[in-house]
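Welcome! Let's walk through this fold together, one question at a time.

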Amino acid sequence: MPDALSQHRPVSLSADSSALEVRLAARHDGYTGHTSGVASAHVQVNLAILPAALAADFRRFCELNPVPCPLLAVSEPGSPALPALGLDLDVRTDVPRYHLWRHGERVAEVSDLRDCWRDDLVTFALGCSFSFEHALLAAGIPLRHVSEGRNVAMYRTSIPTQAVGVFAGPTVVSMRPLKAADAIRAVQITARTPQVHGAPIHIGDPRLIGIADIDRPDYGDAVAIHDDELPVFWACGVTPQAAIVAARPEFCITHAPGYMLVTDKLNSELL
């Protein structure tokens, strides 16, 4: 079940909210809810924020693993801006929850990065499956985690990524239970959005990709899978977090899984 903090959502935020409204809520109003289902017309991105010394290797890691790590924008060192994704956008304040990491261990969860920001930090923005959910819902495909107000279920798998330098680790997937006919349509729709993970990488038995217990996701919230449904798995932008754990950098920052940066870019632009 989602925790009390993830249930908090200002009344003004909804699927029809603008990206700026969501960012300002996180920046000024202390909004800490997950971003699944809010500002649904807008591209949401995963964040990985690393010291500049590791930036070249991490960029290459994303380039060699484009399905789980579709790279949409990279900042200048020390800059909190991503002008390609929004003009009034500050990566230090505009995400509801961030995770701070030291030497591969998560040491804190915060809602503001200004006290720990450094001039050598480079921000990588990666595509998120929340973006293609807008197209699935528009096609009449129900998404249980959205209707129930939950975060999407995410799992570490046995599918390896291609290593670059210190960066390696398993592919992480997000799962949505769908009826067979809807799963076929979802493949067709999401195949048109390679910038936000594209088509599913697995459908059916989770044990075939190393998931031992579908009822216990590694990140996000569990949802029921009905007898007439199949679990459908897409590559997930939490994959870089697994690589960062393996790399053990002396300091880095990521978004909390499911708590994304909402950009001014429209999902329709990705088709």
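Angles under 35 degrees count as roughly parallel, over 145 as roughly antiparallel, 65 to 115 as roughly perpendicular and the rest as oblique. This is a predicted model, where local features need pLDDT of at least 70, side-chain atom pairs count only at pLDDT 80 or more, and totals for chains, interfaces and linings use all residues. Residues are numbered from 1 along each chain as its sequence is written, and side-chain values use heavy atoms, leaving out hydrogens and water.

Q: Which word describes how helix 4 and helix 6 lie to each other: parallel, perpendicular or oblique?
A: Helices here are DSSP runs of H or I with at least four residues, strands are E runs of at least two, and both are numbered from the N terminus. The axes, lines fitted to C-alpha atoms over the stretch in contact, give angles from 0 to 180 degrees between N-to-C directions. Those of helix 4 (residues 130-138) and helix 6 (residues 180-190) come within 10 Å and cross at roughly 125 degrees. The two helices are therefore oblique.

Q: Which residues of helix 6 does helix 4 meet?
A: Contact means heavy atoms within 4.5 Å. From helix 4, the residues taking part are Phe-132, Ala-135 and Leu-136. Their partners in helix 6 are Ala-186, Ile-189 and Thr-190.

Q: Which residues of helix 4 are buried?
A: Buried means under 20% relative accessible area, with exposed over 50% and partly exposed in between (1.4 Å probe, protein chains only). The cover over the buried residues of helix 4 includes strand 1 (42-51), helix 5 (144-147), strand 7 (170-179), helix 6 and strand 9 (229-235). Beneath that cover are Phe-130, Ser-131, Phe-132, Glu-133 and Leu-136.

Q: Which strand supplies the largest share of the largest nonpolar core?
A: A nonpolar core is a set of buried Ala, Val, Leu, Ile, Met, Phe, Trp, Tyr and Cys residues joined through side-chain atoms within 4.5 Å. The largest one has 32 residues, and those touching the most other members are Val-45, Leu-82, Leu-136, Leu-178, Ile-253 and Leu-261. Its largest share, four residues, comes from strand 1.

Q: What is the relative accessible area of Gln-44?
A: Gln-44 has its place in strand 1. Beyond residues up to four places away in sequence, Gln-44 touches others including Phe-130, Ser-131 and Leu-261. Gln-44 is buried, and its relative accessible area is 2%.
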